[in-house]
Amino acid sequence: MKESPIRVTLLQDLGDERGSSFSVVAKQIEFLGSVLDIHIAMLRPGHLRGNHYHSEHREVIVIIYRDRWSLYWDTGADTQIQQRQFNGNGAVLIEIDQLASHAIKNEGLEDLYVFGLSNKQYDAQKPDTHHRPIVQI
């Protein structure tokens, strides 16, 4: 059976009374080969990020959350859309292969924090972002 182009890992909270702390292990970073771009974003309640795929690079996305949100993805053009919902407090790491459309929807009342790492440097003149909507607001 072929491995899914989207892999989700719940990260263990290693924090203490000062707050949460999450670690990403070498195997999860090695998926990229090398990190050439880091993107940091916040996603407000009721909003969506993604609805696209990349043809030339892979991504690792880490999401820190304190409420409800959903991850949507497909496995290529004209494939079934899949969804996974998250609730409560925590962090997840998502490994995303090329050609898998993905979207993150904040369905809660708290902001989400999104940290994206890529194995290709972002180029505004030639962004490797191809619109393929898989979820609506």
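Student: Val24 sits in the loop between β1 and α1 (26-30). What makes β1 a strand and α1 a helix here?

Tutor: Both are DSSP runs numbered from the N terminus: helices are H or I with at least four residues, strands are E with at least two. Keep in mind that this is a predicted model, where local features need pLDDT of at least 70, side-chain atom pairs count only at pLDDT 80 or more, and totals for chains, interfaces and linings use all residues. Residues are numbered from 1 along each chain as its sequence is written, and side-chain values use heavy atoms, leaving out hydrogens and water.

Student: Why is Val24 called partly exposed?

Tutor: Buried means under 20% relative accessible area and exposed means over 50%, with partly exposed in between (1.4 Å probe, protein chains only). Val24 has 34%, so partly exposed is the right label.

Student: Which residues join Val24 in a nonpolar surface patch?

Tutor: Ile29, Val35, Ile38 and Ile40, and the patch covers about 420 Å².

Student: How do you know that β2 and β9 pair?

Tutor: Two strands pair if DSSP finds at least two bridges between them. β2 and β9 (residues 112-118) have seven, in the antiparallel sense, so they pair. Ala41 stands opposite Val114 in β9.

Student: What makes β1 and β2 edge strands?

Tutor: The open, antiparallel sheet has five strands in the order β1-β7-β4-β9-β2. β1 (6-11) and β2 (37-43) each have a single partner strand, so one side of each lacks a neighbour in the sheet.

Student: And why do β3 and β10 count as paired?

Tutor: Two bridges join β3 to β10 (residues 130-131), so the pair meets the cut-off. Tyr53 stands opposite His130 in β10.

How values were computed: Patch = residues over 30% accessible without salt bridge, like charges linked within 9 Å, V, L, I, M, F, W, Y side chains within 5 Å. Areas by Shrake-Rupley, 256 points an atom, 1.4 Å probe, with all protein chains shown as cover. Salt bridge = Lys/Arg side-chain N within 4 Å of Asp/Glu carboxyl O.
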